[in-house]
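Me: I would like to learn how to read this model feature by feature. Where should we start?

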Amino acid sequence: LMESLVPYIRKLGIESAYNVIFHPLLFRTRILWQTGKLARVQEQFVRSTVNKILMVEDNLIRQTGKPKAVVGMINTSDHSPVSNFLFYKIVLKKSGCDVIFSGGILPVSKAFEIHRIKPFSILVVNHEPSDDPGKNLRYLSRLGKSLLLRSIIITDHTLDETDKIPENIIVTTGPEDFLRTISSLTRMKKAS
């Protein structure tokens, strides 16, 4: 499987390959597993293969010069695909950011400890389903203000018309939206 996927990265670049091929493949594989059309082991094999490809791509990125921003990333839930989070790390590094990636699943409150070790100006957190999404957004907004963060990006979130998004929070709905957001943020940073 890996040998058949890698040529797409070389042809399209990792950003397009993930959006056009890998992300839809992962989504369809998960649906097929959930509906009993694929065994769990088959779904895990596909996910594991894509994650390995992303880790290799991540290790190939060489940063030069002063970073545009230091970004902390915290995976708070296993509800969002780990593959997306690995992809977001690649996007951030390729855009010139210095990325602090926590790895496993941590509560968002650990951002304080990470920030104490290495301060960051942007925090990326995956969406965690909640009975009270407004409460989560308010907590993240307060966290961002107390750490003096430029912004907090919540990933893989489906917006509800009733969601009131605090001004220091940016919500992205998936990989394509995350790419646009980071592109916009890095352009704003250059202009300021």
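Reply: Start with the element names. Helices and strands are DSSP runs, at least four residues for a helix and at least two for a strand, numbered from the N terminus. Keep in mind that this is a predicted model.

Me: Where is the place of Asp156?

Reply: Asp156 sits in the loop between E4 and strand E5 (169-171).

Me: What is phi of Asp156 near?

Reply: General idea first. Most residues other than glycine have a negative phi. Asp156 has a positive phi, near 55°, and is a residue other than glycine.

Me: Is Asp156 buried or exposed?

Reply: The cut-off for buried is under 20% relative accessible area; exposed means over 50%. Asp156 has 15%, so it is buried.

Me: Which positive phi does Leu148 have?

Reply: About 60°, although Leu148 is not a glycine. Leu148 belongs to the loop between helix H6 (133-146) and strand E4 (151-155). Its relative accessible area is 74%, so Leu148 is exposed. Set the pair side by side: Asp156 is buried, whereas Leu148 is exposed.

Me: Now the sheet. In what order do the five strands form the open sheet?

Reply: The general idea: strands of a sheet pair through backbone hydrogen bonds, either parallel or antiparallel. Here the order is E2-E1-E3-E4-E5, and the pairing is parallel. E2 and E5 are the edge strands, each pairing on one side only. From one strand to the next, the twist averages 20°.

Me: Over how many bridges do strand E1 and E2 pair?

Reply: Five, in the parallel sense, with E1 covering residues 70-75. To find the register, look at Met73, which stands opposite Phe101 in E2.

Me: Which strands does H4 touch as it packs on the sheet?

Reply: H4 touches E1, E2, strand E3 (122-126) and E4. The direction of H4 makes about 175° with that of E1. H6 also packs on the sheet, touching E3, E4 and E5. The direction of H6 makes about 145° with that of E4.

Me: Where is Ser95 found?

Reply: Ser95 is in the loop between helix H4 (82-94) and strand E2 (98-105). With a relative accessible area of 13%, Ser95 is buried. Now check its side chain. A polar atom there lies 2.8 Å from the backbone oxygen of Leu92.

Me: And Leu38, which residues is it in contact with, leaving aside its neighbours within four places in sequence?

Reply: Thr29, Leu32 and Trp33. Leu38 itself is in the loop between helix H2 (14-34) and helix H3 (40-60). Its relative accessibility is 22%, so Leu38 counts as partly exposed.

Me: Next, charges. How many salt bridges does the count come to?

Reply: The idea is simple. Side chains of opposite charge can pair when their charged atoms come close. The count here comes to eleven salt bridges, taking a side-chain nitrogen of Lys or Arg within 4 Å of a carboxyl oxygen of Asp or Glu.

Me: With which residue does Glu57 form a salt bridge?

Reply: Arg10, and the closest N and O atoms are 3.1 Å apart. Glu57 lies in helix H3 and Arg10 in helix H1 (residues 2-12), so this pair ties together parts 47 residues apart in sequence. Check each end. Glu57 is buried at 11% relative accessibility, while Arg10 is exposed at 53%.

Me: What does the salt bridge of Glu15 with Lys94 tie together?

Reply: Glu15 is in helix H2 and Lys94 in helix H4, so the pair ties together parts that are 79 residues apart in sequence. The closest N and O atoms of Glu15 and Lys94 are 3.4 Å apart. Glu15 is partly exposed, with 24% relative accessible area. Lys94 is also partly exposed, at 46%.

Me: How many residues apart in helix H3 are Arg40 and Glu43?

Reply: Three, so about one helical turn separates Arg40 and Glu43. Their salt bridge has its closest N and O atoms 2.9 Å apart. Arg40 is partly exposed at 34% relative accessible area, whereas Glu43 is buried at 3% relative accessibility.

Me: Which residues do salt bridges that share partners join into one network?

Reply: Arg30, Arg40, Glu43 and Arg47. Trace the shared partners in the viewer.

Technical notes
Residues are numbered from 1 along each chain as its sequence is written. This is a predicted model: local features need pLDDT of at least 70, side-chain atom pairs count only at pLDDT 80 or more; totals for chains, interfaces and linings use all residues. Side-chain values use heavy atoms; hydrogens and water are left out. Buried means under 20% relative accessible area, exposed over 50%, partly exposed in between (1.4 Å probe, protein chains only). Contact means heavy atoms within 4.5 Å. A polar contact is a pair of N or O atoms within 3.5 Å; within protein, one must be able to donate a hydrogen and the other to accept it, and residues adjacent in sequence count only if both atoms are side-chain atoms. Two strands pair if DSSP finds at least two bridges between them. Axes are lines fitted to C-alpha atoms, for helices over the stretch in contact, and angles run from 0 to 180 degrees between N-to-C directions.
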